[in-house]
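Subject: Handing over a structure, with notes on what was found

Dear colleague,

I am passing a structure on to you, and you will find it together with its sequence just below. The notes that follow are meant for someone who has not looked at it before.

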Amino acid sequence: MNTALPARGRPRAGVMGAPWAGRGRGVAGMAALRRSVVSPVGRHTASLIFLHGSGDTGQGVRTWIKQILNQDMAFQHIKVIYPTAPARPYTPMRGATSTVWFDRYKISNDCPEHIESIDSMCQGLTELINDEMKNGIAKDRILIDFQWLLQYFCEIRSEISRHRS
């Protein structure tokens, strides 16, 4: 599905204690990512991890997609997982807490990356992938939709290349 979706508002309501909340502790004491899940209709043989944008939640993006499609994004053999980024202080919002995958020093292509929070994001997503593998899903059958992240890093790399030229 390669369809452009319309813009939407960002829900900010807390979802702590919601039925889709992840349980337990993750890597290095970090709480496991909360997840909203659409189970496959048939035998589970693959997983799609669908990441949300800054300030959103997994349940929020699932609801948005459901509004667009008039149904959950569901597949015969693919589990769709909508994890929620951990709430953390977000520097561009003057340190206010937001559900973001990683912090940034500022929203700009010409500043260094916030490596510690990127490492934390990678640990959380690795744990999610490992959970799927423990459930019998082969690594090559786990997909992550990270279009926003890819776009962010491509813009940064493009800007760096222009400055080197």
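Before anything else, a term that will be needed below: helices (H or I, at least four residues) and strands (E, at least two) are DSSP runs, numbered from the N terminus. Please also keep in mind that this is a predicted model.

**Overall picture**

The protein has 3 helices and 6 strands, and from the N terminus on these elements follow one another as β-β-α-β-β-β-α-β-α. Of its 165 residues, 41% are buried, and the protein exposes about 9900 Å², of which carbon and sulfur atoms supply 54%. If one takes the contacts with a separation of 6 or more, 64% of them are between residues 24 or more positions apart.

**The sheet**

Four of the strands belong together: 4 strands form an open sheet in the order E1-E3-E2-E6, and the pairing in it is mixed. At its edges are strand E1 (34-38) and strand E6 (142-145), each of which pairs on one side only, and from one strand to the next the twist averages 25°. As a general point, the strands of a sheet pair through backbone hydrogen bonds, either parallel or antiparallel. Here E2 and E3 pair in the parallel sense, over 4 bridges, and Ile49 stands opposite Ile81 in E3.

Which helix packs on the sheet, touching E1, E2 and E3? This is helix H1 (residues 58-69), whose direction makes about 130° with that of E3. With 12 residues, H1 reaches 17 Å from its first C-alpha to its last, which is close to the 16 Å expected at 1.5 Å a residue. The buried residues of H1 are Gly58, Gln59, Gly60, Val61, Arg62, Trp64 and Ile65, and these buried residues pack against E1, E2 and E3.

**An aromatic pair between two strands**

The structure holds 1 aromatic pair. Phe50 and Tyr82 form this pair, which is tilted, with 5.7 Å centre to centre and 50° between the planes. Because Phe50 lies in strand E2 (residues 46-50) and Tyr82 in strand E3 (residues 78-84), the pair ties together parts that are 32 residues apart in sequence. Phe50 and Tyr82 are both buried.

**The hairpin of E4 and E5**

Strand E4 (residues 87-90) and strand E5 (residues 96-99) pair in the antiparallel sense, again with a count of 4 bridges, and Arg88 stands opposite Ser98 in E5. The hairpin has 5 residues between the strands, and in it Arg94 takes a positive phi near 55°.

**Two residues with a positive phi**

Most residues other than glycine have a negative phi, which gives a reason to look at two loop residues here. Asn70, just after H1, takes a positive phi of about 60° although it is not a glycine, and Asn70 is found in the loop between H1 and E3. Is Asn70 buried or exposed? Asn70 is exposed, with a relative accessible area of 70%. Arg94, which has its place in the loop between E4 and E5, is likewise a residue other than glycine with a positive phi, near 55°. Arg94 is also exposed, with a relative accessible area of 85%.

**His44 and its contacts**

The last residue to point out is His44, whose place is in the loop between E1 and E2. At 24% relative accessibility, His44 counts as partly exposed. Which residues does His44 touch, not counting residues up to four places away in sequence? His44 touches His77, Lys79, Glu132 and Ile137. The C-alpha atoms of His44 and Gly136 are separated by 8.9 Å, and these two residues are 92 residues apart along the chain.

If you would like a place to start, I suggest H1 and the strands that its buried residues pack against, namely E1, E2 and E3, followed by the aromatic pair of Phe50 and Tyr82.

With best regards

Terms used: Residues are numbered from 1 along each chain as its sequence is written. This is a predicted model: local features need pLDDT of at least 70, side-chain atom pairs count only at pLDDT 80 or more; totals for chains, interfaces and linings use all residues. Side-chain values use heavy atoms; hydrogens and water are left out. Buried means under 20% relative accessible area, exposed over 50%, partly exposed in between (1.4 Å probe, protein chains only). Contact means heavy atoms within 4.5 Å. Accessible areas come from the Shrake-Rupley method with a 1.4 Å probe; for residues, only the protein chains shown count as cover. Rings of Phe, Tyr and Trp (its six-membered ring) pair if their centres lie within 6.5 Å; planes under 30 degrees apart count as stacked, over 60 as edge-to-face and the rest as tilted. Two strands pair if DSSP finds at least two bridges between them. Axes are lines fitted to C-alpha atoms, for helices over the stretch in contact, and angles run from 0 to 180 degrees between N-to-C directions. The expected span of a helix is 1.5 Å times one less than its number of residues.
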